[in-house]
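Reader: I've got a chain on my screen and some bench-side curiosity. Could you walk me through it?

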Amino acid sequence: MFALLLAGAGGEALAAPDINGKWQTPAGAVIQIDKCGKVPCGKIVRFPAPKGYSMENTPDINNKDASKRKRKVLGLTVLWRLAPEKDGWKGRVYDPRRGFSANATVRRKNASALEVQGCVRVVFNVCEKETWRRVD
């Protein structure tokens, strides 16, 4: 469940495609994208719990920031600071499986698919792209 995005603004938000709804990642997590103020954000509402945990008690143990490792994964915001851009959204995404956030681009491919790309800068940009499927 790779995740993304930047802060948005007024009238421009109307030009970007509607991405609200429930979307399932290839790893089986479900992300609810809804308005957070004037722009969308995404929160984890369901995921396959790791062995020894339930969805309700799974901590964010892989977070690079040790102070955040006790927070719960369920309900965690994984897409934020989304700003409209051309045919999609740019912002930030967080992947609790890997414990880091990345710059993100979200594009609606069709009514039932979102293309989500996250990029981190090492010496050069390293990017990963996933297709999330609508589940609602």
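Author: Sure, and keep in mind that this is a predicted model. Let's begin with Cys119, which is buried at a relative accessible area of 14%.

Reader: Which cysteine is joined to Cys119 by a disulfide?
Author: Cys119 itself is buried, while the cysteine on the other end is partly exposed at 42% relative accessibility. The two sulfurs sit 2.0 Å apart, and the link is right-handed, with 110 degrees about the S-S bond. The partner is Cys127.

Reader: Cys36 and Cys41 form a disulfide too. Which of them is buried and which is partly exposed?
Author: Their sulfur atoms are 1.7 Å apart in the model. Buried means under 20% relative accessible area. Cys36 comes in at 35%, so Cys36 counts as partly exposed. Cys41 has 7%, so the buried one is Cys41.

Reader: What pattern do the disulfides of the protein chain follow?
Author: A search of the whole structure turns up 2 disulfides. One joins Cys36 and Cys41, and another joins Cys119 and Cys127. Counting bonded cysteines along the chain, the pattern is 1-2, 3-4.

Reader: Moving inside, which elements give two or more residues to the largest nonpolar core?
Author: That core has 23 residues, and those touching the most other members are Ile19, Ile33, Ile44, Trp89, Val106, Leu114 and Trp132. As a general point, nonpolar side chains tend to be buried together in soluble globular proteins. The elements you're after are β3, β4, β5, β6, β7 and β8.

Reader: Leaving aside neighbours within four places in sequence, what is Leu114 in contact with?
Author: Leu114 is among the core residues that touch the most other members. Charged names such as Arg107, Arg108, Lys109 and Glu130 are on its contact list, along with Thr131. The rest of the list is Ile19, Trp23, Ile33, Val106 and Trp132.

Reader: Trp23 is in strand β2, so is it on the covered or the uncovered face?
Author: β2 spans residues 21–24, and its uncovered face holds Lys22 and Gln24. In the antiparallel pairing with β3, Trp23 has Ile31 as its bridge partner. Gly21 and Trp23 make up the other face, the covered one.

Reader: Which residue in β9 stands opposite Gln24?
Author: β2 pairs with β9 in the antiparallel sense over 2 bridges. Gln24 is on the uncovered face of β2. The residue opposite Gln24 is Arg133.

Reader: Last one: the charged end of which residue sits over the ring of Tyr94?
Author: The count of aromatic pairs comes to 0. Tyr94 does have a charge over its ring, 5.4 Å from the centre. The residue is Arg71.

Key
Residues numbered from 1 in each chain as written. Predicted model: local features only at pLDDT ≥ 70, side-chain atom pairs only at ≥ 80, totals over all residues. Heavy atoms only, no water. Core = buried A, V, L, I, M, F, W, Y, C linked by side-chain atoms within 4.5 Å. Buried < 20%, exposed > 50% of the residue type's maximum accessible area, 1.4 Å probe, protein only. Helix = DSSP H or I, 4+ residues; strand = E, 2+ residues; numbered from the N terminus. Contact = heavy atoms within 4.5 Å. Pairing = 2+ DSSP bridges. Phe/Tyr/Trp six-rings, centres within 6.5 Å; stacked < 30°, edge-to-face > 60°. Lys NZ or Arg CZ within 6 Å of the ring centre and 35° of its normal. Disulfide = S-S within 2.5 Å.
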